[in-house]
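Visitor: I am new to this structure and would like to know the reasons behind the words used for it. Please show it to me and take the terms one at a time.

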Amino acid sequence: DYALYYAKAQSRGAAVLFTEEHERLLRTQSVIEQALRHADLPREMSLVFQPIVDVRRGCTVAFEALARWSSPELGPISPSVFVPIAERSGLITRVTAVLFSQALAAAKAWPDRVALSFNLSMADIASPQAAAGIVSAIRTSGLKPQRVILEVTETALIQDVAQAQTVLETLKATGISIALDDFGTGYSSLSYVHRLPLDKLKIDRSFISEITTDPASRDIVTSIAALARNLKLACVVEGIETAEQSRLLEGLGFELMQGYHFHRPMGFPDTLRYLDGEAVRSVRPVQAVA
Ligand code: C2E
Ligand code: MG
Ligand code: MG
Ligand code: MG
């Protein structure tokens, strides 16, 4: 019977395709790992910076540093691809060290009121030695630790909550702030959020993309805001792409926002122009155009 034959052929086809896809993926990952292993990290790695704005005060309070890798052999590779590979292959601490020193140098050029928000991986906080490296990099740079926010994800913390707690407390004691990134996704566990010495929650952008159309997303975001208030944590909303989303979130009481609606991530020279423009805008009242 033709229908049955067709279904079988299709499912066999799918199985073949799956295996090929899988093999190609593994090959790709090992190619990327090899390229990363041999990379000239300081030359190939760079950062772009995205403003985190206080919508109430109308100014930028921080830039989040976002890694960019341009491999001579492979071309540009997204951090959502290479960071997990660097983590699995034990290369992430070298990558972090290179990026963090670039980030600290950039932040030195910004005014005091603008903080640096930097993403860490689990290996970066897995041991007291790793944490000491972060502290000493800040000391070497001369940047005030109070101007550094470290973003960590739940996945990174859940591995060993007690260890994470100790390491984060060491970091915090120097004046650094800690933000929990991508809050609400995947490994969310409310049972340990209050045990960690956090300063901020960053609400994942997956909730924001549907906030104006999906009441459930809005409810989740409202609940996270209440949780943050109870735990006395600040809240940053990321992934805001439209004025409508921004207005709605402001109505819900959020002040700290980040997303393409405000600004895309930019190269370092643009951060200086951007901050200059902001200073000019804030001293001169906005003129109505006739
Ligand atoms: P993340 O820390 O949650 O960073 C936010 C991501 O969302 C960034 O992607 C940013 O470019 C993107 N984004 C910002 N605003 C919007 C928006 O309005 N709409 C949409 N659709 N996207 C927006 P990016 O730069 O590709 O980074 C992806 C992830 O890679 C980061 O997620 C972070 O987990 C990781 N990552 C980036 N840089 C580093 C780094 O230096 N170290 C480590 N360990 N991880 C990094
Ligand atoms: Mg982040
Ligand atoms: Mg995030
Ligand atoms: Mg994210």
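Guide: Buried means under 20% relative accessible area, exposed means over 50%, and partly exposed is what lies in between. The model shown here is a predicted one.

Visitor: Why is A234 called buried, exposed or partly exposed?

Guide: The relative accessible area of A234 is 31%. That value falls between the 20% and 50% limits, so A234 is called partly exposed. A234 is found in strand 8.

Visitor: What makes a residue count as being in contact with A234?

Guide: Contact requires heavy atoms within 4.5 Å. With neighbours within four places in sequence left aside, D199, K200, L201 and L256 are in contact with A234. For L198, the figure is a C-alpha to C-alpha distance of 9.2 Å from A234, across 36 residues of sequence.

Visitor: How do you know whether K232 is buried or exposed?

Guide: K232 has 73% relative accessibility. The limit for exposed is over 50%, so K232 counts as exposed. K232 sits in the loop between helix 10 (215–230) and strand 8. Its phi is near 55°, a positive value in a residue other than glycine.

Visitor: Which class does D182 belong to, and why?

Guide: D182 has 26% relative accessibility. Partly exposed lies between 20% and 50%, so D182 counts as partly exposed. D182 lies in strand 6, and it too has a positive phi, about 50°, although D182 is not a glycine.

Visitor: What makes D182 a donor of the magnesium ion (ligand 3)?

Guide: A donor is an N, O or S atom within 2.8 Å of this metal. The protein donors of the magnesium ion (ligand 3) are D181 (OD), D182 (OD), E238 (OE) and E238 (OE), lying 2.1 to 2.5 Å from it. Those distances are inside the cut-off. Along the chain the spacing is D-D-x55-E. D181 lies in strand 6 (residues 177–183) and E238 in the loop between strand 8 (234–237) and helix 11 (243–251), so this pair ties together parts that are 57 residues apart in sequence.

Visitor: Why are D181 and E238 put in the class they have, buried or exposed?

Guide: D181 has a relative accessible area of 5%, and E238 has 10% relative accessibility. The limit for buried is under 20%, so D181 is buried and E238 counts as buried.

Visitor: Which donors hold the magnesium ion (ligand 2)?

Guide: The protein donors are E64 (OE), N119 (OD1), E151 (OE) and D181 (OD), at 2.0 to 2.2 Å from the magnesium ion (ligand 2). E64 in strand 2 (residues 59–71) and E151 in strand 5 (residues 148–153) are 87 residues apart, and this pair links distant parts of the chain. Both E64 and E151 are buried.

Visitor: What makes D181 a bridge?

Guide: D181 is listed among the donors of the magnesium ion (ligand 2) and also among those of the magnesium ion (ligand 3). D181 bridges these two ions, which lie 3.8 Å apart.

Visitor: How do you know which atoms make a polar contact with ligand 1?

Guide: A polar contact is a pair of N or O atoms within 3.5 Å. A polar side-chain atom of S121 lies 2.8 Å from a nitrogen atom of ligand 1, and an N or O atom in the side chain of D182 is 3.0 Å from an oxygen atom of ligand 1. Taken alone, ligand 1 exposes 800 Å², and the protein buries 86% of that.

How values were computed. Residues numbered from 1 in each chain as written. Chains lettered and ligands numbered in written order. Predicted model: local features only at pLDDT ≥ 70, side-chain atom pairs only at ≥ 80, totals over all residues. Heavy atoms only, no water. Donors = N, O, S within 2.8 Å, 3.2 Å for Na, K, Ca; no water. Helix = DSSP H or I, 4+ residues; strand = E, 2+ residues; numbered from the N terminus. Buried < 20%, exposed > 50% of the residue type's maximum accessible area, 1.4 Å probe, protein only. Polar contact = N/O pair within 3.5 Å; in protein donor to acceptor, adjacent residues only side chain to side chain. Areas by Shrake-Rupley, 256 points an atom, 1.4 Å probe, with all protein chains shown as cover.
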